[in-house]
Amino acid sequence: MSSAAPLLATRKLSVDFGGLKALQDIHLELHENEVVGVIGPNGAGKTTLFNALCGLVTPSAGDLILNGKSHKWPRTYELADLGIARTLQGVGLFPDLTVVENVMIGAEKFAHSGLISAAFGSSRDENKLRERAMLALERVYTTRLANRRADTLSYPDTKRVAIARALVSEPKILMLDEPAGGLGPEDIAWMNSLIHNLKSQCSILIVEHHMDVVMSVCDRLYVLNFGQVISSGASEAVRRNPAVIAAYLGVSET
Amino acid sequence: MYKFLNTVLIGITSGAIYSLMALALVLVWRSTRVVNFAQAGQALLSTYIGYEVIQNFHSFWLALAIAMVAGAAVAALIDAIFMRTLFKRAAEGPIAGVAPIIATLGLLGLIRALLGLVVGGKEASIRPPVSNIGFTISGHTLAFSPLKLLIVASVLFLMLVLSLIFQHTNVGLALRASAYAPEIARLAGVKVDGIRTLGWALAGAAGAAAGMLQTPDGNGALSPDSLEFSLLLVFGFIAAVIGGLESLVGAVLGGLLLGLVLAFVLIYISGSLVFITAFVLLIIVLLVKPGGLIGSRRGRRA
């Protein structure tokens with residue numbers, strides 16, 4: 001762990017769902033060029049943690065610290081401007097848009113022209129976004145899919161495009177929600193090496209069930225169970241923690 | 001031969017106006033998933049504003065432009081102040097599904113009542129900016145005048161601008177994404193609330209144009225309880241449903257199809273069957289092809 005202030009940190013983050021404590025006093029830190037994994041059994045609060053960070057769920061208590069400074073919990077659409085991008089478990093591509101259009105939506109923050117110029121001829125922004133989108137597709141090696149409609153893609157390809165859509169905003173923090181979920185061994189290996197490559201370009205927060213992927217890419221882990229962090233630290237150490245083995249690793253993986 | 005040609009011309013002209021209204025309804029539906037009954041009231045209000053401009057400045061074109069801007073502004077305000085609050089307050093429970101529909105019905109009544117208070121029972125009319133006397137070809141007068149040409153041309157122009165915005169700009173892309181999945185669009189950095197308001201504003205402008213263009217076309221006087229504007233809403237809806245409710249092109253084609261069918265019924269059969277035909281057509285489409293006759297492409301959301 002570096003001694004510099006973390007890029008992102010939560011202090012005593014709690015989320016209540018009508019009396020049910022979905023998250024309790026979560027302290028989480030993500031440093032520059034670090035890959036941090038959040039693991040835990042189903043229902044442990046991993047996705048709720050992501051949702052709280054993304055403004056999809058309102059925390060009942062706790063603080064957010066970005067670049068060492070206290071920051072109010074962001075609204076969802078502000079994330080891109082804060083340099084945070086996220087992929088979704090359900091992928092969430094727009095089925096009737098083409099691949100490149102899907103990625104362009106992620107580049108929205110780079111668009112400046114208003115409606116009037118957009119309506120009357122100026123497609124400068126559009127072309128600029130398209131270029132950025134193509135570059136992002138290149139980073140996940142899928143430029144060949146650019147003009148396909150998203151609903152014609154194979155499942156592994158939709159995952160690649162979803163990552164391209166997150167990358168196109170040039171995030172400092174990339175949040176990946178089960179990037180390996182639903183993939184076969186070959187695609188998992190591919191995803192694994194992609195995450196290794198991305199590591200030099202941004203910090204990554206990752207929720208994942210596949211322990212192979214987690215152990216291979218994550219520098220540090222947080223283990224959640226019943227909304228609380230039951231263990232955290234360097235990946236290897238966490239894996240050997242008996243409490244973790246009891247709560248999670250002993251339980252069948254899904 | 002001339003009877004047939006005239007019927008087609010009448011159908012296209014009235015259909016073009018239904019298309020504009022259908023476009024307005026589809027725009028709001030696509031950007032916010034709201035069926036906007038208030039559109040007729042907004043169009044009426046905008047047309048009254050246009051009428052006032054004509055009274056003071058004697059220019060139909062200036063009036064059309066101001067009516068469209070006013071229509072856009074009114075629609076944007078309705079969304080930003082009223083609908084946005086409604087979606088937050090009535091987000092859950094059995095009311096969530098129907099609240100927006102009931103709200104727009106209420107708005108329609110409210111706008112008409114307020115207009116009634118302001119303008120009273122006084123009827124107003126808009127003089128056509130160009131001649132409404134039909135072109136003649138070798139002694140035959142066609143049911144197509146410079147005014148009708150203007151109407152069709154204006155609709156085509158507006159359609160072109162709207163489809164350019166939707167298909168070829170990043171704003172259009174954001175509109176399409178927000179309509180489909182607001183949360184995902186937000187995650188990708190789209191300011192969905194603003195984009196939704198923009199959808200309403202575009203619809204408000206289109207509705208205003210429909211009102212301004214239909215009124216001088218022999219469609220009677222302007223009044224707060226105008227039957228013509230109610231019909232505009234009903235026929236606009238039917239056109240939108242024929243077009244599949246999702247597609248801008250579908251809305252335009254739906255409007256033209258409806259206009260043609262009704263013109264043929266009017267001229268070849270009987271005027272008293274026009275309404276019945278419109279509603280029977282609506283019911284048949286809903287029962288047989290609820291996805292619309294035109295917007296049958298997979299996904300139907302482009």
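**Strand pairing, interface and compactness**

User: Which residue in strand 2 of chain A is the bridge partner of Asp16(A)?

Analyst: The bridge partner of Asp16(A) in strand 2 of chain A is Lys21(A). The model is a predicted one, in which local features require pLDDT of at least 70 and side-chain atom pairs count only at pLDDT 80 or more, whereas totals for chains, interfaces and linings use all residues. Residues are numbered from 1 along each chain as its sequence is written, while chains are lettered from A and ligands numbered from 1 in the order in which they are written.

User: What makes strand 1 and strand 2 of chain A a pair?

Analyst: Strands are DSSP runs of E with at least two residues, helices are runs of H or I with at least four, and both are numbered from the N terminus. Two strands pair if DSSP finds at least two bridges between them. Strand 1 (residues 8-17) and strand 2 of chain A run antiparallel and are joined by seven bridges, so the criterion of pairing is met.

User: Why is one side of strand 2 and of strand 5 of chain A left without a neighbour in the sheet?

Analyst: The sheet is open, with four strands of chain A in the order 2-1-4-5 and antiparallel pairing. Strand 2 (20-30) and strand 5 (69-71) each have a single partner strand, so they stand at the edges. Neighbouring strands of this sheet are turned by 30° against each other on average, direction ignored.

User: How do you know that helix 1 of chain A packs on the sheet?

Analyst: Contact requires C-beta atoms, placed from the backbone, within 7 Å. Helix 1 (residues 46-53) touches strand 1 and strand 2 of chain A. The direction of helix 1 makes about 70° with that of strand 2 of chain A, where axes are lines fitted to C-alpha atoms, for helices over the stretch in contact, and angles run from 0 to 180 degrees between N-to-C directions.

User: How many residues of chain A are in contact with chain B?

Analyst: There are 30, facing 27 residues of chain B. The largest share of this side of chain A, four residues, comes from helix 3 of chain A.

User: Why is chain B called as compact as a globular protein of its length?

Analyst: Chain B has eleven helices and two strands. Its radius of gyration, taken over C-alpha atoms, is set against the globule rule, 2.2 Å times the number of residues to the power 0.38. The value for chain B is 19 Å, close to the 19 Å that the rule gives for 302 residues, so the description applies.

Definitions and conventions
Two residues are in contact if their C-beta atoms, placed from the backbone, lie within 7 Å.
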